[in-house]
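Q: Can we go through this model together, starting with what you count as a contact?

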Amino acid sequence: MSVTPGSADQPLSRFPAHGLPAGELRDRLRAKSSGDVDWRSGRIWSLVYSTASEHDDVVHEAYQQFASENLLGPTAFPSLATMEKEVVWMLLDLLGADPGTAGGTMTSGGTESIVLAVKAYRDRARVQRPEITAPEMVVPVTAHPAFLKAADLLGVRAVPVPVDHTYGADPAAFAAAMSRSTILGCASAPCFPYGVVDPVEELADIAARRDVGLHIDATIGGFALPFVRELGYQVPAFDFSVPGVTSIAADMHKYGYGPKGSSTILYRDRGLRRYQFAAYTDWPGGILASPTLLGTRPGGAIAGAWAAIVYEGREGYRRIFSTVMQATQRLRDGIASIPQLNVIGDPPMSVLAVGSDEVDMMTVADRLETRKWRIDRQRDPDSIHLIVNPTHVPVIDEFVDDLRWATHDAPPAGSADNGATLYGVTSRLEAGADVEVAVLDQLESRYDS
């Protein structure tokens with residue numbers, strides 16, 4: 001239902017004439033959150049990453065201690081500058097980089113990390129390959145749309161590459177997509193839709209032979225995959241141990257279990273990082289140099305990320321991912337016990353999609369939501385998307401039982417409407433809609449109705 005701002009149904013909020021007492025304000029906040037998903041009980045399979053309450057307490061305390069500090073002024077807050085450097089160094093160590101030559105920065109999230117990486121490759125090409133007037137990057141269709149956003153912002157054309165039967169990027173198509181205007185190739189570890197790691201070794205070899213860098217979007221797997229490998233699971237090579245991998249984005253606020261707003265962009269050669277930076281020397285306010293897109297850089301996110309790593313160490317993260325992978329195996333065993341369903345591809349960690357050649361997965365998702373599960377839907381193929389965290393350990397059996405119930409007597413695959421699904425949203429658009437217009441309308445309505 002569309003509601004006009006300022007109507008009786010949705011009155012406009014006016015700036016308050018008087019403030020509320022702290023206790024009443026807390027009550028108001030609790031009331032506002034009453035309709036939010038109960039992520040602490042494992043009813044959501046995306047958006048929130050959480051582990052033991054003691055870990056979360058440590059991270060939140062660190063965030064609160066530095067909530068007002070601003071890394072825009074590193075000389076004023078050298079503690080934050082040091083913590084940022086240490087987070088970057090620890091991630092470079094985890095991902096197999098040479099500390100003598102590698103470098104990076106923290107960012108506010110995976111999207112900023114990807115945009116900065118594309119900027120660095122573009123600006124380096126302007127200096128080293130000035131003959132390129134219309135730069136391109138080769139991007140698998142499963143790569144995060146942040147690459148497309150970077151393309152729009154930075155004037156770098158994204159050349160799409162299909163996936164093969166493994167649901168990873170097709171190496172032959174990747175090679176064919178390279179041109180004289182290519183300034184970088186992209187791959188995912190893993191891709192978000194299916195949890196599949198692209199064939200990084202093959203893609204890196206193709207890129208290196210063309211003298212082109214390869215950026216790895218490991219925003220979701222950069223923290224998890226090294227520990228999953230240490231636990232004995234089969235993990236494809238994806239990090240700086242692969243010659244030809246020249247940069248990696250890895251989020252702290254996903255499987256690093258840091259606070260929201262913490263990620264990293266890492267470079268094999270810190271000389272590439274310099275092209276990420278910006279400096280403005282003629283402003284009346286003084287010389288302004290910025291390593292990232294943001295000016296103000298919230299101290300809480302940096303301190304919380306640092307605290308998460310230092311609190312857990314390798315041993316703690318191995319323990320967390322042992323729990324996560326055991327829960328993931330229980331979930332996969334449960335899915336395998338439902339004959340109509342299958343896991344798409346061969347995801348090596350705890351991100352997966354569940355599809356079917358027999359039943360309509362959109363109906364399955366709708367039914368699951370009647371039992372208070374929040375389900376993300378996907379297309380190509382129709383599937384539901386699941387990311388496993390420690391919060392899911394107590395509810396795996398209940399979810400599998402409800403998934404079996406939702407699948408039983410569901411209509412045939414493809415029999416429901418073919419409307420478009422929305423990432424991060426439980427609904428979908430009507431079939432036949434102008435998808436881009438409809439999505440922008442929904443965004444607008446979020447603020448205006």
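A: Contact here means heavy atoms within 4.5 Å, and please keep in mind that this is a predicted model.

Q: Fine, so what covers the buried residues of helix 3?
A: The cover over the buried residues of helix 3 includes strand 1, helix 8 (224-230), strand 6 (245-251), strand 7 and helix 10 (299-336).

Q: And which residues of helix 3 are buried?
A: Among them are Leu80, Met83, Glu84, Val87, Val88 and Leu91. In an α-helix, residues three or four places apart point the same way, because there are 3.6 residues a turn.

Q: How far does helix 3 reach from its first C-alpha to its last?
A: Helix 3, residues 78-94, reaches 24 Å over its 17 residues, which is close to the 24 Å expected at 1.5 Å a residue. Just after helix 3, glycine 96 takes a positive phi of about 80 degrees.

Q: Switching to strand 1, are its faces covered or open?
A: Both faces are covered, with Gly103, Thr105 and Thr107 buried on one side and Gly104 and Met106 buried on the other.

Q: Which strand is joined to strand 1, and how many bridges are there?
A: Strand 7 (residues 263-267) runs antiparallel to strand 1 and is joined to it by 5 bridges, one pair of bridge partners being threonine 107 and serine 263.

Q: What about the second largest pocket, what volume does it have?
A: Its volume is about 510 Å³, and of the 26 residues that line this pocket, the closest to its centre are Glu84, Thr105, Phe277, Pro291 and Arg297.

Q: Which element gives the most to that lining?
A: Helix 3 does, with 6 residues, while the lining as a whole divides into 16 nonpolar, 5 polar and 5 charged residues.

Terms used. Residues are numbered from 1 along each chain as its sequence is written. This is a predicted model: local features need pLDDT of at least 70, side-chain atom pairs count only at pLDDT 80 or more; totals for chains, interfaces and linings use all residues. Side-chain values use heavy atoms; hydrogens and water are left out. Buried means under 20% relative accessible area, exposed over 50%, partly exposed in between (1.4 Å probe, protein chains only). Helices (H or I, at least four residues) and strands (E, at least two) are DSSP runs, numbered from the N terminus. Two strands pair if DSSP finds at least two bridges between them. The expected span of a helix is 1.5 Å times one less than its number of residues. On a 1 Å grid over the protein atoms alone, a cavity is a set of points where a 1.4 Å probe fits but cannot get out, and a pocket is an open set with protein on both sides within 12 Å along at least five of seven lines; lining residues have an atom within 4 Å of a point. Grid points are joined across faces, edges and corners, and a volume is the space filled by probe spheres set on the points. Ala, Val, Leu, Ile, Met, Phe, Trp, Tyr, Cys and Pro count as nonpolar, Asp, Glu, Lys and Arg as charged, and the others, Gly among them, as polar.
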